[in-house]
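Here is an informal walk through one fold, from the overall layout down to a few side chains. Have a look at the sequence and the structure first, and then we can go through the parts together.

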Amino acid sequence: GVKLSTVANLGGWDASKMSGSGDTMTIRSAFNSSEFITTNTAAVSGMAANQGFLYTISGVPKEACPELASGLGSLAHGIAVQAAAATPAVVTTYPAASNVQLKSAGSTSMDPATVASGCATNTISDFIIALKP
């Protein structure tokens, strides 16, 4: 499985955003919230379990949501948002369809109307991005 420390050692984050080391490493996002990455423990449409990654950015403000979705859209296998958790935590299973899907897993594009309405759902959201190598 992938760990924050592995991605950090590969230059995935600016050193000023990292604290701790190894399994206790934490990453601070541009929103002063936490970021996490883990191997997907369950299949995500077109991506078998343990064959990709789930990258979570917690605490994304509604105003930043559309731009973040646009920037990540071409890289992501899928993008979902859900109401921000009270205590940010790693997400190991891609959210079910009942959560807001900004980019359906496995699709090649995002619908701007879906992004606009999905980003308006929560004042602060947790972004869950499925990444397929």
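A word on angles before we start: axes are lines fitted to C-alpha atoms, for helices over the stretch in contact, and angles run from 0 to 180 degrees between N-to-C directions. With that in hand, α3 is easy to place: it lies across β5 and β6 and runs at about 140° to β6. Keep in mind throughout that this is a predicted model.

**The overall layout**

The protein chain has three helices and seven strands. Following the sequence, you meet them in the pattern α-β-β-β-β-α-β-β-α-β. Of the 133 residues in the chain, 41% are buried. Among contacts with a separation of 6 or more, 62% are between residues 24 or more positions apart.

**The sheet**

In what order do the seven strands sit in the open sheet? The order is β1-β2-β3-β4-β7-β5-β6, and the pairing is antiparallel. At the edges are β1 (18-19) and β6, each of which pairs on one side only. α2 packs on this sheet, where it touches β4, β5, β6 and β7, and its direction makes about 5° with that of β7.

Some of the strand pairs, with their bridge counts, look like this:

| Strand pair | Sense | Bridges |
|---|---|---|
| β1 and β2 (residues 26-28) | antiparallel | two |
| β3 (residues 34-39) and β4 | antiparallel | five |
| β4 and β7 | antiparallel | seven |

You can use individual residues to check the register. Ser19 stands opposite Thr26 in β2, and Thr38 stands opposite Leu54 in β4. For Pro61, the bridge partner is Ile124 in β7. As a general point, side chains in a regular strand alternate between the two faces of the sheet.

**The nonpolar cores**

In soluble globular proteins, nonpolar side chains tend to be buried together. Here, the largest nonpolar core has 17 residues, and those with the most contacts inside it are Ile57, Leu68, Leu72, Ile79, Leu102, Phe127 and Ile129. At least two residues of this core come from each of β4 (53-61), α2 (65-73), β5 (78-83), α3 (112-119) and β7 (124-131). Which element gives the most to this core? That would be α2, with four residues.

Ile129 is a good residue to zoom in on. Leaving out residues up to four places away in sequence, Ile129 touches Phe53, Leu54, Tyr55, Ile57, Leu72, Ala76, Gly78 and Ile79. Apart from the largest core lies another one, of nine residues, including Val44, Tyr94, Ala105 and Ala130.

**Tyr94 and Gln101**

Tyr94 sits in the loop between β5 and β6. Is Tyr94 buried or exposed? With a relative accessibility of 12%, Tyr94 falls under the 20% cut-off, so it counts as buried. Not counting neighbours within four places in sequence, Tyr94 is in contact with Val44, Leu54, Gly78, Ile79, Ala80, Gln101, Lys103, Ala105, Ile128 and Ala130. Take Leu54 from that list: Tyr94 and Leu54 are 40 residues apart in sequence, yet their C-alpha atoms are 7.2 Å apart in space.

Tyr94 also has polar partners. Its side chain reaches the backbone nitrogen of Ile79 at 3.0 Å, and a polar contact of 3.1 Å joins the side chains of Tyr94 and Gln101.

Now look from the other end of that second contact. Gln101 lies in strand β6 (residues 100-103). Its relative accessible area is 18%, so Gln101 is buried as well, given the limit of 20%. Beyond residues up to four places away in sequence, Gln101 touches Ile79, Ala80, Tyr94, Pro95, Ala96 and Thr114.

**The disulfide**

A search of the whole structure finds one disulfide. Which cysteines does this disulfide join? The pair is Cys65 and Cys119, with an S to S distance of 2.0 Å. Cys65 lies in helix α2 and Cys119 in helix α3, so the pair ties together parts that are 54 residues apart in sequence. The torsion about the S-S bond is about -70°, which means that the disulfide is left-handed. Both Cys65 and Cys119 are buried.

How values were computed: Residues are numbered from 1 along each chain as its sequence is written. This is a predicted model: local features need pLDDT of at least 70, side-chain atom pairs count only at pLDDT 80 or more; totals for chains, interfaces and linings use all residues. Side-chain values use heavy atoms; hydrogens and water are left out. Buried means under 20% relative accessible area, exposed over 50%, partly exposed in between (1.4 Å probe, protein chains only). Contact means heavy atoms within 4.5 Å. A nonpolar core is a set of buried Ala, Val, Leu, Ile, Met, Phe, Trp, Tyr and Cys residues joined through side-chain atoms within 4.5 Å. A polar contact is a pair of N or O atoms within 3.5 Å; within protein, one must be able to donate a hydrogen and the other to accept it, and residues adjacent in sequence count only if both atoms are side-chain atoms. A disulfide is a pair of cysteine sulfur atoms within 2.5 Å. Two strands pair if DSSP finds at least two bridges between them.
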